[in-house]
Amino acid sequence: MEAHGGGGGSGSLRRVLVLAFCVAGIWSAYIYQGLLQETLSTKRFGSDGKRFEQLAFLNLAQNVVCLIWSYMMIKIWSTRSGSSSSSMGAPWWTYWSPGITNTIGPALGIEALKYISYPAQVLAKSSKMIPVMLMGSLVYGIRYTLPEYLCTFLVAGGVSTFALMKTSSKTINKLAHPNASLGYGLCFLNLAFDGFTNATQDSLKARYPKTSAWDIMLGMNLWGTIYNLIYMFGWPHGIGYEAIEFCKHHPEAAWDIFLYCLCGAVGQNFIFLTISRFGSLANTTITTTRKFVSIVVSSVLSGNPLSAKQWGCVVMVFSGLSYQIYLKWRKLQKLQKKRKPL
């Protein structure tokens, strides 16, 4: 990464410090959020030992917090720049379709924690390239290189082998309803919905170039809040009422939910800062390594022991992801060389 401006060594040092700040922010926010997510899905709360079954409620809570957060940030930015953001970005109603998939996808991913362990969920959700390449080759006729297929093979092989291995009895006993097939199925559906969400967001940015990350965050969470409110409170026995009743009797669960949402909002800030200062490739590298660290932390702190063979699968998956990052970096370097004037 090159330093910008005429600061020389001090500029480079400042850039390194900002990058370290971004890494620390993303890692701390999302690793702690993962621990909270795992706690909420496996812990028995209170003297009655009840589980928090309404995990989809986490999405609504996250939507509300991020909606308020993004609205505040847009207002602060507009005040500082002295401009109105209302006419710059994509209109709020254009987010209705990605809002649907962004509501369903994460809900399926969270529900998967009832059936598989957190490390298994993280590993399964790390294989996003598989449906992307599958859809690209089958639907759009895109041809991929041999190294790209090698990345996919490593990830797919690692995830599938991990799924077929026997899970420790200690981990199974913590799950609400152990069912590996259902858990992994929900994770891959989550990835499919995420793929549509990301593609639609890219399309909106292309049609409305002045759309900021905060505009997208506001629009997506606005529609997510609307859809989740209808789903959870649209009828007398909706799961939203059950979740609120559970939190009334178990305040520690309510506190964990609040911290979970706060981590998500803070983490988004660091992701936006990383992309704006260092680009999407740096962000991908940071978030990928964060997932690996999350698995290590979960195994050590949350009592999800992995066998040597399972660790081999984890290394296999993240080797594929690391190689994919390297291929993207090399392609970016080639593009930058072509753009340089002779």
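# Salt bridges, helices and a cavity

K331 and E148 make a good starting point: they form a salt bridge whose closest N and O atoms are 4.0 Å apart. Here a salt bridge is a side-chain nitrogen of Lys or Arg within 4 Å of a carboxyl oxygen of Asp or Glu. K331 sits in helix α13 (residues 308-339) and E148 in helix α6 (residues 146-164), so this pair ties together parts that are 183 residues apart in sequence. Helices (H or I, at least four residues) and strands (E, at least two) are DSSP runs, numbered from the N terminus.

A word on what you are looking at: this is a predicted model, in which local features need pLDDT of at least 70 and side-chain atom pairs count only at pLDDT 80 or more, while totals for chains, interfaces and linings use all residues. Residues are numbered from 1 along each chain as its sequence is written, and side-chain values use heavy atoms, with hydrogens and water left out.

Back to the salt bridges. Side chains of opposite charge can pair when their charged atoms come close. In this structure the count comes to three salt bridges. E53, E111 and K114 are linked in a network of them. Within that network, K114 pairs with E111, with 3.0 Å between the closest N and O atoms. K114 also pairs with E53, and there the closest N and O atoms are 3.7 Å apart. The E53 and K114 pair links distant parts of the chain, 61 residues apart: E53 is in the loop between β2 (50-51) and α2 (57-81), and K114 in the loop between α3 (96-111) and α4 (118-125).

Are these charged residues buried or exposed? Buried means under 20% relative accessible area, exposed over 50%, and partly exposed in between (1.4 Å probe, protein chains only). K114 is buried, with a relative accessible area of 10%, and E111 is buried too, at 18%. E53 counts as partly exposed at 29%, and E148, from the pair we began with, is partly exposed at 23%.

Now follow some of the helices. The expected span of a helix is 1.5 Å times one less than its number of residues. For the 32 residues of α13 that gives 46 Å, and the end C-alpha atoms are 47 Å apart, which agrees. Among the buried residues of α13 are C313, V317, F318, L321 and I325. An α-helix has 3.6 residues a turn, so residues three or four places apart point the same way. The 25 residues of α2 should span 36 Å, and its end C-alpha atoms are 36 Å apart. Buried residues in α2 include F57, N63, C66, L67, S70, I74 and S78. Helix α11 (residues 251-278) has 28 residues that should span 40 Å, in agreement with the 40 Å between its end C-alpha atoms. After α11 comes G279, whose phi is positive, near 95 degrees.

The UniProt record, an unreviewed entry, places the feature "transmembrane region" at residues 16-35, 55-72, 146-164, 213-233 and 253-275. Positions from UniProt are given in the numbering used here, feature names are shortened, and annotations may be inferred rather than shown by experiment. In the model, residues 16-35 are 100% helix and 0% strand, with end C-alpha atoms 28 Å apart. Residues 55-72 are 89% helix and 0% strand, and their end C-alpha atoms are 27 Å apart.

M217 is placed in helix α9 (residues 213-233). M217 counts as buried, at 5% relative accessibility. Its C-alpha atom is separated by 9.1 Å from that of W69, 148 residues apart along the chain. S127 lies in the loop between α4 and α5 (129-138) and is buried at 0% relative accessibility. S127 and S97 are 30 residues apart in sequence, and 24 Å apart in space, C-alpha to C-alpha.

Let us finish with the empty space inside. The structure holds one cavity of 30 Å³ or more. On a 1 Å grid over the protein atoms alone, a cavity is a set of points where a 1.4 Å probe fits but cannot get out, and lining residues have an atom within 4 Å of a point. About 50 Å³ of space lies in the largest cavity; grid points are joined across faces, edges and corners, and a volume is the space filled by probe spheres set on the points. Its lining is made of E38, S41, T42, L113, I116, S117, Y118, T171, K174, L175 and N304. The elements giving two or more residues to this lining are α1 (9-42) and α7 (169-174), and α1 gives the most, with three residues.

Definitions and conventions. 1 Å grid on protein atoms, 1.4 Å probe; cavity = no way out; pocket = protein on both sides within 12 Å on 5 of 7 lines; lining within 4 Å.
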